[in-house]
Amino acid sequence: MSLVGLEGYVIEVQADVGGGLPAFVLLGLPDASLTESRDRVRSAARNIGLPLSPRRLTVNLMPAALPKRGTAFDVPILLSALMADNVLTVPPDIVFLGELTLDGFLRPVPGVLPAVVAAQASGIRKFAVPAENLAEAQLAGDVDVRGFQHVCELLIALGVEPQGLTFPNVSVREHSLDSVAGTDGTVAVDESSVAPDLADVDGQAHAKFALQVAAAGAHHLMMVGAPGSGKTMIAERLPTILPDLGLAESLESTSIHSLSMGGKPIQKLITRPPFVSPHHSASMAAMVGGGSGIPRPGAISKAHRGVLFLDEAPEFQTKTLDALRQPLEQGKLTIHRATGAAEYPARFQLVLAANPCPCGLFSGTGSDCTCRPDARRRYFARLSGPLLDRIDIRVDVQPQTRAQQMVGARTERITSAQTRERVQTARLAQAERWASLGISTNAEVPGSLLRGAFAVGSRQRRPLDRASDQGKISGRGYDRVLRIAWTLCDLDGTTSPDEDHIHQALTLRQGMTL
């Protein structure tokens, strides 16, 4: 299997032993790591007692025009070379994945789950993978998969007599690929460890309410406040109030992380929304994705169906922040390189946190701030207008006074579990309303629909229309206020937004002034 993004292609490996000077020729646009497989395969074959033919060996990876990369082709190349030398016969309906060591052990490879899912879509259900990748391959569900520790174990399963093989100092089991049992459809799930709880946050009722609204409608959120006011603490609790991922979302998110683990196998499905928080020194490639050859996913795609949290947002490079604009609108990201283009899903919730100025003290009266006015302007100028216009909810997070903390200590605190129940109820209402459109959250609803079939009455829209006429809100912002209003409506359990919902949504949209 060759992966371009999450899209997989079945690769047929052909081998031919011909005349001419001894050589091992590899065709089909291999990258450097794949080209080196010639030496790995030849050494592994010799060390297990089945040396490759000394004649000219040509291996072709079809389709030849598709660039191929990685070490997962080692096993099928070895099997094809042995077939060309009439050593064994391999059934045509099995996908083989695995990297070979020089003594024939099978090493795990990245991207096994998306490879298996893509092969399933092509009608293939039988797989042979390294033993360490077995659990990850089984996450795909209805597949026949077997894991092998050593290539001798695989060759015996394919009918090679054990007497002709040189076994390593490991226990090599004898079994047949035809006896592979299909999984029962159950998968191991990721049991989250003890997570932060919303009840840990003292006070900040307005910020916690905005967080709940953002979770219910999958809206983007920005918090501005002095250092120590709790912005990071609040943002880290957003995943704890989000609903669990569905099976399709879990497979998609786990597949992305499978490509990013550098060969470390994944054992369980990701069932909770991921939380990705890159450092402000992250480069464009780290954020968007990239690398030589076919680009790998970056932080944006790793946060798919979860939360991308940018702490100290103005400290990020401006061009890196502006790269978020396209995936925020489209929910996907296409990375173009000279060798091809890879598309990754990127439907995430963006949470930005920022200080009000470089010194962080320009809040409240701002009397303690030592920053010059031009320094404050330059600080927030790194957050471009088009990016900020795509942020649905903006909150001013003020430090809690001692009196507020004491009142909060005596007040019953709402936990993440309680909030998640309310968010789940709102999400179910949204999924039912937009089911015919294939949309699950209010944040994904097209603006034309909000102004057409699901338009709010003119009387209810009066606060929003007034803000639009005064130039206080853009056309994009107009639609985003309507989306927030629908989310507030779902949280309250009503059928359509009223004037209070519109006014509250407008306040959440414009509640923080830069």
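## A walk through a predicted chain

Let us begin at the surface: the chain exposes about 22600 Å², and carbon and sulfur atoms supply 51% of that area. Keep in mind as you look around that this is a predicted model. Along the principal axes, the C-alpha atoms fill a box of roughly 85 × 50 × 45 Å. Inside that box you can find 21 helices and 19 strands. Of the 514 residues in the chain, 51% are buried.

How does the chain meet itself? Take the contacts with a separation of 6 or more: 73% of them are between residues 24 or more positions apart. Charge is worth a glance too. There are 51 positive and 52 negative side chains, and the centres of these two sets lie 7 Å apart.

Now turn to the strands, starting with an open sheet. Five strands build this sheet in the order β12-β15-β18-β11-β19, and their pairing is parallel. Which strands stand at the edges? They are β12 (275-276) and β19 (393-397); each has a single partner strand, so one side of each is left without a neighbour in the sheet.

Strand β11, residues 221-225, is a good place to pause. It pairs in the parallel sense with β18 (residues 349-354) over four bridges. If you want to find this pairing in the model, look for L221, whose bridge partner in β18 is V351, and for V224, whose bridge partner there is A354. Strand β11 also pairs in the parallel sense with β19, this time over five bridges. Here M222 has R394 of β19 as its bridge partner.

Is β11 buried or exposed? Five of its five residues are buried, so the strand is largely enclosed by the rest of the structure. The cut-off behind that word is a relative accessible area under 20%. In a regular strand the side chains alternate between the two faces of the sheet. You can follow this pattern along β11: L221, M223 and G225 point one way, M222 and V224 point the other way, and all are buried.

Another set of strands lies earlier in the sequence. Strand β3 (residues 12-18) runs antiparallel to β5 (residues 56-62), and seven bridges join the two. Within this pairing, V13 stands opposite L61 in β5. Strand β5 has a parallel pairing as well, with β4 (residues 23-27), over five bridges. There, V25 stands opposite T58 in β5.

Next, look at the nonpolar side chains in the interior. The largest nonpolar core has 97 residues, and I77, L155, L308 and L324 touch the most other members. Take L155 as an example: leaving aside its neighbours within four places in sequence, it is in contact with I48, L50, L79, L82, L88, V160 and L165. Apart from this core lies another, of 47 residues, whose members include L221, V351, L450 and L488. You have met two of these names already, since L221 and V351 are bridge partners.

To finish, come back out to a residue at the surface. A121 has its place in helix α4, which covers residues 112-121. A121 counts as exposed because its relative accessible area is 73%, and the cut-off for that label is over 50%. Which residue can you compare with A121 across the chain? Try G8: A121 and G8 are 113 residues apart along the chain, and their C-alpha atoms are separated by 9.2 Å.

Conventions. Residues numbered from 1 in each chain as written. Predicted model: local features only at pLDDT ≥ 70, side-chain atom pairs only at ≥ 80, totals over all residues. Heavy atoms only, no water. Buried < 20%, exposed > 50% of the residue type's maximum accessible area, 1.4 Å probe, protein only. Contact = heavy atoms within 4.5 Å. Areas by Shrake-Rupley, 256 points an atom, 1.4 Å probe, with all protein chains shown as cover. Lys, Arg positive; Asp, Glu negative; His and termini not counted. Charge placed at Lys NZ, Arg CZ, Asp CG, Glu CD. Pairing = 2+ DSSP bridges. Core = buried A, V, L, I, M, F, W, Y, C linked by side-chain atoms within 4.5 Å.
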